[in-house]
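I opened this entry to look up how some helices pack and whether cysteines pair. My notes follow in the order I took them.

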Amino acid sequence: MDHRYESSETLRNKCAACYRQFNKMEHLVDHMRTSYHSVHEPMCGICRKHCRSFESLREHLIGPLPKADCEKIFKERGCDICLTILSSRSALRAHRESCQLSRSNNGVLYRMAKLGIQDDLRIENSRGRVVALACKMVGGGSDGSLDLCARVCLIDEHERILFHSYVAPKLPVTNYRYETTGIRPEHLRDAVPLKQVSRKIQEYLCNGEPIWQIRSRSGRARILVGHGLGHDLKCLDLEYPPLMIRDTAIYPPLMKTSKISNSLKHLTKAYLGYEIQTGVQDPYDDCVATMKLYMRMKSQDHKREDYPLATDPQNRNNFASWKQSELERMTPQKMLEISRSDYYCWCLDN
């Protein structure tokens, strides 16, 4: 066998995104049909390898079995928070000052002023396009394991509190979970009823649009940011269209390599550089963390495409309109160029 021919064939059958190698071109085509590689995937700033998540990229750079060349450069001038490669060590030091964030003082000042709860529902004054929501749950049911929303916070994109209130659950509370919630029976005695809170928040989110008419991201309805929003909205008995939700728990680049959600505590430490949820937890801190994560993901500078999603009918990501023989004659780079993402990248909100 001509080994030179073999190596050139293997190189031709190498994915231009993740660098996986295949014995036959048809296998590479099958891989590209289902991988949904795109310009929106996290990418190594050194070798340009595409990774499915930032956790996968981190493993590539500094994991148990990193790429040796990339690891060496990253350890010299790579940011361990955003995983960016800087031009020099001095550039890295300057970058870290802005990349490593800290807990917002807004909530601290709010509590120090003893205005800890803003439950008058006056949240219609803000004109912001993006809001973050977080809840804290107490326990219901015979064993206290049923989550009941007892505190909710809503902030705008500048981390200003729009609404922060104790909530009166519909069912009796059997476990206040005081160690983490800080909630006592007296806090809920005169709290706002759940139904009233839900209705007001939904009205604010829809911003004058009937919820059944929200079919576009360019309307008046607001973008809702949070972590585990499916659970929070269920506990609030509140509906909101999925296309307007930005959930850090299920955003593919922020998930584990195993496609399981990371905790908000982990994401905040890993990608913002500070700690939350130590001791009694405040929903304001969770709101701020999810908003910062959203803004960091949104600010990524990706190549613009007219039709960036695999679900857009105008693109050919499923390769259905190409014959197998045509695809096998394409270069790996050409196949990558026609490939599209299977998730909505938050940079598109710009």
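**Helix H11 and its surroundings**

I began just past the end of H11, where Gly273 follows with a positive phi, near 90°. I keep in mind that this is a predicted model.

Next I listed which residues of H11 are buried. They are Leu264, Leu267, Thr268, Ala270 and Tyr271. I noted the general rule alongside: an α-helix has 3.6 residues a turn, so residues three or four places apart point the same way.

What covers these buried residues of H11? I found that the cover includes H3 and helix H12, residues 283-298. I took the two partners in turn.

**H11 against H3**

H3 spans residues 54-62 and H11 spans residues 264-271. I read an angle of about 50° between them, with the axes 13 Å apart. The pair is therefore oblique. The crossing of H3 over H11 is left-handed. From H3, the contact uses Phe54, Glu55 and Arg58; from H11, it uses His266, Ala270 and Tyr271. I sorted these contact residues into 3 nonpolar, 1 polar and 2 charged.

**H11 against H12**

Here too I read an angle of about 50°, and the axes lie 10 Å apart. H11 and H12 are therefore oblique to each other. Their crossing is left-handed. On the H11 side I listed Leu264, Leu267, Thr268 and Tyr271. They meet Asp286, Ala289, Thr290, Leu293 and Arg296 of H12. The contact of H11 with H12 divides into 5 nonpolar, 2 polar and 2 charged residues.

I cross-checked Tyr271. It is buried, it takes part in the contact with H3, and it also appears in the contact with H12.

**How enclosed is H3?**

I counted burial along H3 next. Of its 9 residues, 7 are buried, so H3 is largely enclosed by the rest of the structure. The buried ones are Phe54, Glu55, Ser56, Leu57, Arg58, His60 and Leu61. I noted that charged Glu55 and Arg58, both in the contact with H11, are on this buried list. What do the buried residues of H3 pack against? I found helix H4 (68-77), H11 and H12.

**Cysteines**

I then looked for disulfides. The count comes to 0. Why does Cys44 not pair? Its sulfur is 3.8 Å from the closest cysteine sulfur, in Cys47, and a disulfide needs the two sulfurs within 2.5 Å, so the gap is too far for a bond. Cys44 has 0% relative accessibility and so counts as buried.

I put the same query to Cys287. The closest cysteine sulfur is in Cys153, at 4.1 Å, which is too far for a bond. Is Cys287 buried or exposed? At 0% relative accessibility, Cys287 counts as buried.

**Whole chain**

I closed with totals. The protein chain has 14 helices and 7 strands. Of its 350 residues, 49% are buried. I also looked up contacts with a separation of 6 or more. Residues 24 or more positions apart account for 60% of them.

How values were computed. Residues numbered from 1 in each chain as written. Predicted model: local features only at pLDDT ≥ 70, side-chain atom pairs only at ≥ 80, totals over all residues. Heavy atoms only, no water. Buried < 20%, exposed > 50% of the residue type's maximum accessible area, 1.4 Å probe, protein only. Axes fitted to C-alpha atoms, helices over the stretch in contact; angles between N-to-C directions. Helix = DSSP H or I, 4+ residues; strand = E, 2+ residues; numbered from the N terminus. Parallel < 35°, antiparallel > 145°, perpendicular 65-115°, else oblique. Left-handed = near helix turned anticlockwise from the far one by under 90°. Contact = heavy atoms within 4.5 Å.
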